[in-house]
Amino acid sequence: MDNGTTGPAVLDRAQLDEATGGDADLIRELAELYVLDAEAQLEVLRGALEQDRIDEVHRVAHGLKGSSASVGATEAAEAFLAVEVKGRLQETEGLAEALAVAEQAFERARAALASI
Amino acid sequence: MRILVADDDPGTRLVLSTQLTDFGHEVEVAEDGQAAWESFQRQPFDALVLDWMMPRMDGPDLARLVRADDDRPFCFILMLTSRRTTEDLVEGIAAGADDFMTKPFDKDELRARLHAAERVIALERRLARKVDDLEQALSEVKTLRGLLPICMYCHSIRDDRDIWERIEEYIAQHSEANFTHSICPGCYEERVKPMLSELKKDAEKKAI
């Protein structure tokens with residue numbers, strides 16, 4: 001699925017099919033798991049950012065980048081990678097903005113997964 | 001193979017569990033490195049598929065623990081991670097991983113790498129059995145090492161129980177060797193020939 005720009009795909013259906021073998025039930029289950037887990041991890045990420053626990057920001061963003069990539073949510077994966085890199089470099093400037101971008105990308109991925 | 005998957009992402013656990021089962025493997029999943037280590041200690045696995053960053057214990061730390069545990073048969077470790085730099089690969093291999101794949105992964109590549117893993121596992125375990133056999137053989141040879149008191153006249157040997165034994169009995173008891181009687185050329189000339197000559201003379205006398 002395209003997000004209307006030349007940027008990364010909101011949902012790379014080929015990657016999702018590769019991971020699931022195109023099994024519709026498995027796609028649904030995987031999408032539900034991804035969304036539920038990502039929502040919980042985003043809560044943790046926001047809390048870690050508020051309390052300046054930058055190592056935790058790095059670790060959680062790394063996990064979200066991986067899980068997003070696994071379901072083909074390429075745009076969200078790249079946005080979480082930007083958060084992860086800032087966390088790894090202990091770079092707090094622009095971190096909140098990077099997280100906001102990642103959250104928006106995740107919302108688009110969630111909508112795309114729901115429409116499958 | 002019996003495969004243990006450790007990944008804190010439930011989606012990756014679901015996908016790996018489904019794919020590995022489809023490949024014909026028996027799969028167990030753990031949600032972090034610590035849970036995987038506890039599972040590994042309870043039961044044997046042929047291969048571990050480990051994520052890198054996990055809460056409580058990460059993949060490299062788990063690999064180091066598994067490699068330090070000499071009591072179990074060889075277990076193949078595949079690191080499956082979104083970390084992809086050369087430094088990451090070097091660090092993962094140094095921690096004890098045998099192979100390294102990056103996420104998101106290709107199903108066919110995973111299947112191919114696990115085929116290769118099966119060959120490595122078979123080879124490592126055959127090698128371990130050979131080493132065991134060699135060590136066993138060496139331990140048997142060791143029983144014949146050391147200073148043995150031997151009688152300078154009859155060549156009997158005094159054993160650990162202070163009993164003097166014939167040398168062939170002693171060797172037979174302390175090694176895999178067995179003896180069969182024979183006559184060396186020197187003894188044939190020195191002992192057997194005169195004996196045969198005496199017997200011949202006795203026979204001639206009796207004939208007269």
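Reader: What share of the 208 residues in chain B is buried?

Author: In this predicted model, a residue is called buried when its relative accessible area is under 20%, and by that criterion buried residues make up 35% of the 208 residues in chain B. For chain A, the corresponding share is 46% of its 116 residues.

Reader: How is the overall spread of chain B to be read, from its radius of gyration and the globule rule?

Author: The elements come before the spread: chain B holds seven helices and seven strands, and along the sequence they follow the pattern β-α-β-α-β-α-β-α-β-α-β-β-α-α. The radius of gyration of chain B is 32 Å, whereas the globule rule gives 17 Å for 208 residues, so chain B is more spread out than a compact globule. The C-alpha trace of chain B spans about 110 × 35 × 30 Å along its principal axes.

Reader: Which elements make up chain A, and in what order do they run from the N terminus?

Author: Chain A has five helices and zero strands, which from the N terminus on gives the run α-α-α-α-α. With a radius of gyration of 14 Å, close to the 13 Å that the globule rule gives for 116 residues, chain A is therefore as compact as a globular protein of that length. The box filled by the C-alpha atoms of chain A, taken along the principal axes, is roughly 40 × 30 × 20 Å.

Reader: How is the size of an interface often given, and how many residues does each chain bring to the contact here?

Author: The size is often given as the accessible area that is lost when the parts come together. In this model, chain B and chain A bury about 1500 Å² between them, with 65% of that area on carbon and sulfur atoms. The contact takes 16 residues from chain A and 17 residues from chain B. On the side of chain B, B:Leu14, B:Met53 and B:Pro104 supply 33% of the area buried against chain A, which is more than any other three residues supply.

Reader: What do the accessible surface of chain B and the mean positions of its charges add?

Author: The accessible surface of chain B comes to about 13200 Å², and 54% of it belongs to carbon and sulfur atoms; the mean positions of its 29 positive and 42 negative charges lie 7 Å apart. Chain A exposes about 5600 Å², of which carbon and sulfur atoms supply 52%, and the mean positions of its 10 positive and 23 negative charges are 1 Å apart.

Key. Residues numbered from 1 in each chain as written. Chains lettered and ligands numbered in written order. Predicted model: local features only at pLDDT ≥ 70, side-chain atom pairs only at ≥ 80, totals over all residues. Heavy atoms only, no water. Helix = DSSP H or I, 4+ residues; strand = E, 2+ residues; numbered from the N terminus. Rg over C-alpha atoms; globule rule 2.2 N^0.38 Å. Buried < 20%, exposed > 50% of the residue type's maximum accessible area, 1.4 Å probe, protein only. Areas by Shrake-Rupley, 256 points an atom, 1.4 Å probe, with all protein chains shown as cover. Lys, Arg positive; Asp, Glu negative; His and termini not counted. Charge placed at Lys NZ, Arg CZ, Asp CG, Glu CD. Contact = heavy atoms within 4.5 Å. Buried area = accessible area lost by both parts, 1.4 Å probe.
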